[in-house]
Amino acid sequence: MLDKYNPKGKIVLFLAFTALSGALILGFVVYQRHFNWPIDRISFDNMHAQKRVLEFLDRAGWRPRSEKVIVEKVGDDLGLARAVLLKKSNDGVSVPGMLFLVGRQYILVGRLFDVRTGRDLSPELFGRVPITFDVNRLNLNRAHKRGSSEPRVVIVEYGDYGCEACAKLETIWQPLLDNFPDVQHVYKHFPLSDGSRYLAEIAEAAAVHGESKFWEIHQRFMSADKRNWDETATKRFAHVQLKQIGLDPQLIEQTLRKGKPGKRVSRDQAEFPVTQTPTLIVNGELVVGEVGYGDLERIVEQKLAFQGASRSQ
C-alpha cells in the first residue's frame, strides 16, 4: 500500500533507514577507536609484538633479509605471542623455526635457515639468544614428580611415549636423580600421535590409583619398542602392562571414558609451546631434542654452581 499510494512516505522511510545505518556504522567506528574495541586491540598487540620481535633479532645480531617475521597469534595463555619466521620455497611457504615471546623474555624453538645461502643459523642464535622461561608459569603443583621434594634444580620434561629420544632419556633419569639429590624431575605429556595420546591417557587413569602406579606404567610405556603398532596392538600392549602392575584394564578404560585423564593430557599440551620431544626446562633454561647423561650432568652442575655463587654474594 505504501508503494502504490504514498511515494513520499517511501522516500522518507528510505532516508530514515539510511541515516540509522550511517549512525550505527559511525558509532561502531568511534567506539572501536576510543573505547578499546577488542578487534582494534588485537591488531595493536600484534603490531607491538612484531616490533619487539624485530628489535630482539636486531639486538641478537641477526638481521633477516629474505625472511618475513609474522606474529601468528597473540594468546591469553601465559601472555604468549608467537612469531613464525617464514621463508619462500618452491613448495610455497615453509616454517624453518619459531620464536616465542613470553612476558618480557623470548624463547627460540626449532631450526632457522638463511634462505639465500641455506646456512643453518640455529647454532649462532642458540648461543647468543637467552632461551629461558619462568617455571612459575607452569602448573607444577599437581604434576608428576620424582627426586627431591625440596629441589634446587627442577627439570620439567615434555615427552611422548612414541618418541625414541624420550625412551633413551628415561634410562638416564634414575642415575641422575641418584647422583644429584637436589634435583627433581617433573614429567608432562606432549603426545604427537593418536597412539601416544592413548597411552598418555592410560597413564593418567592409572595415576588415579596412586602416583607410584603412574611411574610404573610410565616406565613400561617408555621402554617398549612401539614401532609399526596399530590401534589394536597399542591397546593390547597397554592392557597387558596394566595387568602386570595390578590394575584392571576394564576399570581403567571406564576411568578413561569419564574424561578426566584426557583433560589432564590436554592441559599439559596447552601449557607450553613444544615443537619437538623431548623438551626440557631446567630451572627455566630450555633444552630441546635428544640429550645424554653427560649433557644433563653439565647443565645441572652449572645450575647448582650458579645457585652457590648467588648465595655467597
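Let me start at the hairpin, where Ile-281 stands opposite Leu-286 in strand E9, and where, in this predicted model, four bridges join E8 to E9 in an antiparallel arrangement. The hairpin has two residues between its strands, and Asn-283, which sits in that loop between E8 and E9, has a positive phi near 50°, although the residue is not a glycine. As for its surroundings, Asn-283 is partly exposed, with a relative accessible area of 29%.

Just before this hairpin, in the loop between helix H10 and E8, we find Pro-278, and the peptide bond that joins Thr-277 to Pro-278 is cis, with omega at about -5°.

Now, if we step back to the sheet that contains the hairpin, we see five strands in an open sheet, ordered E5-E7-E6-E8-E9, with mixed pairing. Which strands stand at the edges? They are strand E5, residues 144-147, and strand E9, residues 285-288, and because each of them has a single partner strand, one side of each is left without a neighbour in the sheet. From one strand to the next, the twist averages 20°.

At the E5 end, this strand pairs with E7, residues 183-189, in the antiparallel sense and over four bridges, and within that pairing the bridge partner of His-144 is Tyr-187 in E7. Helix H5, residues 164-179, packs on the sheet and touches E5, E6, E7 and E8, and the direction of H5 makes about 160° with that of E6.

Leading into E5 is a loop that comes from helix H4, residues 122-128, and Asn-139 lies in that loop. Asn-139 counts as partly exposed, at 30% relative accessibility, and, setting aside residues up to four places away in sequence, Asn-139 touches Lys-188, Arg-267 and Glu-271. The C-alpha atoms of Asn-139 and Lys-188 are separated by 9.9 Å, while the two residues are 49 apart along the chain.

Lys-188 comes up again when we turn to Asp-268, a residue of helix H10, which covers residues 260-271. Is Asp-268 buried or exposed? Asp-268 is buried, with a relative accessible area of 3%, and, leaving aside neighbours within four places in sequence, its contacts are with Tyr-158, Lys-188 and His-189.

Let me move on to the cores, with the general remark that in soluble globular proteins nonpolar side chains tend to be buried together. In this model the largest nonpolar core has 27 residues, and those with the most contacts inside it are Tyr-161, Leu-199, Ile-202, Phe-214, Ile-217, Phe-221 and Leu-242. Two or more residues each come from H5, H6, H7, H8 and H9, and helix H6 gives the most, with eight residues. If we look at Tyr-161 and leave aside neighbours within four places in sequence, its contacts include Tyr-187 and His-189, and also Leu-199, Phe-214 and Phe-221. There is also a second, separate core of 17 residues, and among its members are Ile-155, Leu-169, Val-183 and Leu-280.

Helix H8 is one that I would like to go through from end to end. At its N-terminal end, Asp-230 acts as a cap, with a side-chain oxygen 3.3 Å from the backbone nitrogen of Thr-232. The helix has 14 residues and reaches 20 Å from its first C-alpha to its last, close to the 20 Å expected at 1.5 Å a residue. Following H8 we come to Gly-246, which has a positive phi, near 85°.

Which residues of H8 are buried? They are Ala-233, Thr-234, Phe-237, Ala-238, His-239, Gln-241 and Leu-242, and these buried residues pack against H6, H7 and H9.

On the H6 side of this packing I would point to Tyr-198, which is found in helix H6 and which, at 12% relative accessibility, counts as buried, since the cut-off is under 20%. Apart from neighbours within four places in sequence, Tyr-198 is in contact with Thr-234, Lys-235, Ala-238, His-239, Glu-253 and Leu-256. Of these, Ala-238 is 40 residues away from Tyr-198 along the chain, and their C-alpha atoms are separated by 9.1 Å.

Technical notes: Residues are numbered from 1 along each chain as its sequence is written. This is a predicted model: local features need pLDDT of at least 70, side-chain atom pairs count only at pLDDT 80 or more; totals for chains, interfaces and linings use all residues. Side-chain values use heavy atoms; hydrogens and water are left out. Two strands pair if DSSP finds at least two bridges between them. Axes are lines fitted to C-alpha atoms, for helices over the stretch in contact, and angles run from 0 to 180 degrees between N-to-C directions. Contact means heavy atoms within 4.5 Å. Buried means under 20% relative accessible area, exposed over 50%, partly exposed in between (1.4 Å probe, protein chains only). A nonpolar core is a set of buried Ala, Val, Leu, Ile, Met, Phe, Trp, Tyr and Cys residues joined through side-chain atoms within 4.5 Å. The expected span of a helix is 1.5 Å times one less than its number of residues. A polar contact is a pair of N or O atoms within 3.5 Å; within protein, one must be able to donate a hydrogen and the other to accept it, and residues adjacent in sequence count only if both atoms are side-chain atoms.
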